[in-house]
Amino acid sequence: GEEIDSLQKSHVVNVQKLRNSELRLSEAKQKLRELALSIKMKEELIKELVRTGKDAQSVSRQYSLKITKLEQESEQAKMELAEKQKQLQELESKELRDIPEKATLQKEFWKKMDAAKLKVQRQASELEQNVAQMKHQQTQLQKRLCEESEKKKQLEAEVQRDQQQIKVGFFLFLYDKE
């Protein structure tokens, strides 16, 4: 009788231990699923941050090309202006017998000269505006990249912490099973 009684008590204790173990196993599996999902989301966010950084570099390259183009156009306009000034000197050095023809040529030249000067001024102004705009955008992008970089560091740290928790939880689970 005592043996049966002892076996029944042992059985009840073992069944309780089994239920507790199953409960811990279930909780560990749930936590693993949650951590795996959390890690996946954070890794996706990290990929997005890297993509954002590449987009910023692309924008920077485009602006750099635009500035180079504007600088080339500005140089060309300056060369045209220099050419017009050279033509004026040649025109004034010529001894034209026909005074009305000389006056007409000079008037025409001054029109072209004013147009060339205006073109140079406009391009210089446009260049200055673009450079100011780009500097502003560059500042904004650098600020954003710093923020994104900080976020990335935090997320990577969180992912590492989560993975550590998974390992600890798994080892605890294995330990409990023994």
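Trainee: What makes A77, K78 and L81 contacts of V120?

Mentor: Contact means heavy atoms within 4.5 Å, and V120 is in contact with those three residues once its neighbours within four places in sequence are left aside. A word on the source: this is a predicted model, where local features need pLDDT of at least 70, side-chain atom pairs count only at pLDDT 80 or more, and totals for chains, interfaces and linings use all residues. Residues are numbered from 1 along each chain as its sequence is written, and side-chain values use heavy atoms, with hydrogens and water left out.

Trainee: Why is the set with A77, L81 and V120 called a nonpolar core?

Mentor: A nonpolar core is a set of buried (under 20% relative accessible area, 1.4 Å probe, protein chains only) Ala, Val, Leu, Ile, Met, Phe, Trp, Tyr and Cys residues joined through side-chain atoms within 4.5 Å. The largest one has eight residues, with L88, L91, F109, M113 and A116 also among them. Both α1 (2–93) and α2 (99–177) give two or more residues to this core. A second, separate core of five residues includes Y63, I67, L70 and M134.

Trainee: How do you know that the secondary structure comes to two helices and zero strands?

Mentor: Helices are DSSP runs of H or I with at least four residues, and strands are runs of E with at least two; the protein chain has two of the former and zero of the latter.

Trainee: What makes the chain more spread out than a compact globule?

Mentor: Its radius of gyration, taken over C-alpha atoms, is 39 Å, well over the 16 Å from the globule rule for 178 residues, so the chain is more spread out. That rule is 2.2 Å times the number of residues to the power 0.38. The C-alpha trace spans about 145 × 15 × 15 Å along its principal axes.

Technical notes. Buried < 20%, exposed > 50% of the residue type's maximum accessible area, 1.4 Å probe, protein only.
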